[in-house]
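Open the model in your viewer and keep the selection panel at hand. The stops below are meant to be taken in order.

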Amino acid sequence: MRIKSLHIPTLREPPKDAETVSHQLLVRAGYIRRLAAGIYSFLPLGVRAVEKVKRIVREEMDRAGAQEVVMPAVIPAELWIESGRWPVYGPELLRLKDRKQAEYCVGPTHEEVVVDLARKDIRSYKQLPVNLYQIQTKFRDEIRPRAGLMRGREFVMKDAYSFDASIAGAHASYKLMYDAYCCIFERLGLVFRPVEADTGNIGGSMSHEFQVLADSGEDAIVACDGCDFAANVEKAPLAAQPFAPIGATGPARVIDTPGTKTIESLCKLLGCRPDQTIKAVLYMADDQAAVAFVRGDREVNEIKVKKALACANLHLADAEWFAKTTGMPPGYVGAIGTTNVQVIADFEITAMPSAVCGANAKQQHRVDVVPARDMADVAFADLRMAIAGDPCPRCPGKLRAFRGIEVGHVFYLGQKYSKAMHATFLAEDGKEQHFEMGCYGIGITRILAAAIEQNHDARGIRWPVAIAPYEVAVLPMALEGEQLTVAEELYAALLQVGVAAVIDDRDERPGVKFNDADLIGYPIQIVVGKRAGERVVEVKLRHAGVKLELSVDGLADKLARVMVTCRLGPALTAEALS
RNA sequence: CGGGGCGUAGCGCAGUCUGGUAGCGCACUAGACUGGGGGUCUAGUGGUCGUCGGUUCAAAUCCGGUCGCCCCGACCA
């Protein structure tokens, strides 16, 4: 295409409502425009990049035996009522009424619809397994949409659902998708890691997230340096520890510690370290007061707390409410002598030889607390967030910490939805049986943001070839004479051999063309300048930051050959062109 | 929902405290020069100052309501 006739409105300055790199660059380079919070239009470049991602996803899904369908975006409430999710999904679900006041929602996910499809048409185990997928615009009314395409309310998702006759079959389907996802992210040219994940509200017993590694990622993950264990910190289990021997010289005693509601102020007053204290985190668990104790320097993992307490809703407690309900003063809550409260404590506390904790009395703490001696009646569990340096739960290795952007998620669902919606088939033994299901999502539009977070520099985007909206930009420095004729010749030759090329035929100064090209992120820029008369042009590789002087003769064919490989994932290198 | 910030030309901003002709840079239009990293000059186009109401001779500016946007947290996958 000729850039002069393309709608690529690039901006010199980043819009003020964008802070994240990928958000700024997507807007500045003319890929997207915001319409409302978390709702974006895709401009021509954006559409092309999205289509390339979709194409790779389709190819790999099809290869894995999944079949594409398209389900409605607007879903009747009755299906969601049937599955039981209508009352529990909350305000994230965009609900609507039609002219007859009948209720609907805009699908944030499609388990209900796909189960309805399956139960209507799949009658026999002979029809199984089946895996149906779609690529569709979803809507989730996020509490806080942010960072452009990273967490939008409206976004494009690939969602797949597998139906199997047995658990073993479902596991095989899960494995197929897991492998397909690895291929997809590999082909997209992303540095990613599959990690074990919490199953959240979707339910089921097995789940992996596919995380694109980036410092700006929302998710914290840990990975072992000795084996292939990797997990979201929300999930990463930490082992119980043996009780430490008594480290205090005498019995626990209460001392006055005025104005020490925080661990920091307490340590300052007593001259101790946070890891010698016990922190109390106050919760409201299904309307009951609960307190979780962790070592003073640790973070509580609420997902683990929720599981340990076996409650449905868990929120940090309002201090006043907590005081009124339990009679204990927030800021001075300790593990000994608790009242009217459910108590749990992290395993790690057992390994503390002696500790400081609240005395359950205002302005007082208890010192020389020995968990092994003084907390015998407390329930211990794995409650804290894993961090770098923690022991691996699988091997003697240690965990390392990373940040990641979740671009894919696979779940083994079991019969959760098939049971709720009475979706059955006739098994080999003639008995009615519920489908074993799995569901598998990929955030198509989020991939664009994640790819940029991982591939950018101060000048702009450095797309992997697999995602780039165009592969080559031909930049004639002058729009006349040999420079123009050589540029036109090369451009035509590139199109001829199937390379996605553009020619910057705008009457702009070189600097403008360079800056736009760098910003937009074409993997290859071909500068046709002063040496055009010798049929020599400059080939710049955006990602590698390399410039090569090459002859135009045979260049298009050479690029076409190299592109065939690069479209499959491998990065573009100078060696490939020399 | 809690905390913080912001709404003035297509984009980025000043002006608001201390009420009095709505400004700057970029972009855009026309012409000339220029031509390897957002060039120069000349002449232009473009704004109900988010919105509703109040105070005032007079409101972008003061007061009240409301809508929207961004960031942190809570929440969610």
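The tour goes from domains to the RNA surface, then to one helix and some backbone details.

The model is predicted: local features need pLDDT of at least 70, side-chain atom pairs count only at pLDDT 80 or more, and totals for chains, interfaces and linings use all residues. Residues are numbered from 1 along each chain as its sequence is written, chains are lettered from A and ligands numbered from 1 in the order in which they are written, and side-chain values use heavy atoms, with hydrogens and water left out.

**Domains.** Colour chain A by domain: domain 1 (17-71 + 109-237 + 401-452), domain 2 (253-381) and domain 3 (462-577). The bounds come from an automatic or database domain assignment. The centres of domain 2 and domain 3, taken over C-alpha atoms, are 63 Å apart.

**RNA strand B.** Select the residues near the strand (a heavy atom within 4 Å of it). There are 43 residues around RNA strand B, and Arg 12, Glu 406, Arg 459, Asp 518 and Lys 540 come nearest. By class, the surface has twelve nonpolar, five polar and 26 charged residues; here Asp, Glu, Lys and Arg count as charged, Ala, Val, Leu, Ile, Met, Phe, Trp, Tyr, Cys and Pro as nonpolar, and the others, Gly among them, as polar.

Now show pairs of N or O atoms within 3.5 Å, the cut-off for a polar contact. A polar side-chain atom of Glu 209 is 2.6 Å from a base nitrogen of RNA strand B. For Phe 514, a backbone N or O atom lies 3.5 Å from a base nitrogen of the strand. Two elements, α13 (510-520) and β30 (536-541), give two or more residues to this surface, and α13 gives the most, with seven residues. Helices (H or I, at least four residues) and strands (E, at least two) are DSSP runs, numbered from the N terminus.

**Ala 147.** Select Ala 147, in the loop between β7 and β8 (154-164). A polar backbone atom of Ala 147 is 3.4 Å from a phosphate oxygen of RNA strand B. Is Ala 147 buried or exposed? Ala 147 counts as buried because its relative accessibility is 16%; buried means under 20% relative accessible area, exposed over 50%, partly exposed in between (1.4 Å probe, protein chains only). Its phi is positive, about 55 degrees, although Ala 147 is not a glycine.

**Helix α5.** Select residues 167-187 and compare the end C-alpha atoms: they are 30 Å apart, which agrees with the 30 Å expected for 21 residues at 1.5 Å a residue. The expected span is 1.5 Å times one less than the number of residues. Buried residues in α5 include Tyr 174, Met 177 and Phe 185.

**Pro 129.** Finish in the loop between α4 (111-121) and β7 (130-139), where Pro 129 is found. The peptide bond joining Leu 128 and Pro 129 is cis, with omega about 0 degrees.

Definitions and conventions. Polar contact = N/O pair within 3.5 Å; in protein donor to acceptor, adjacent residues only side chain to side chain.
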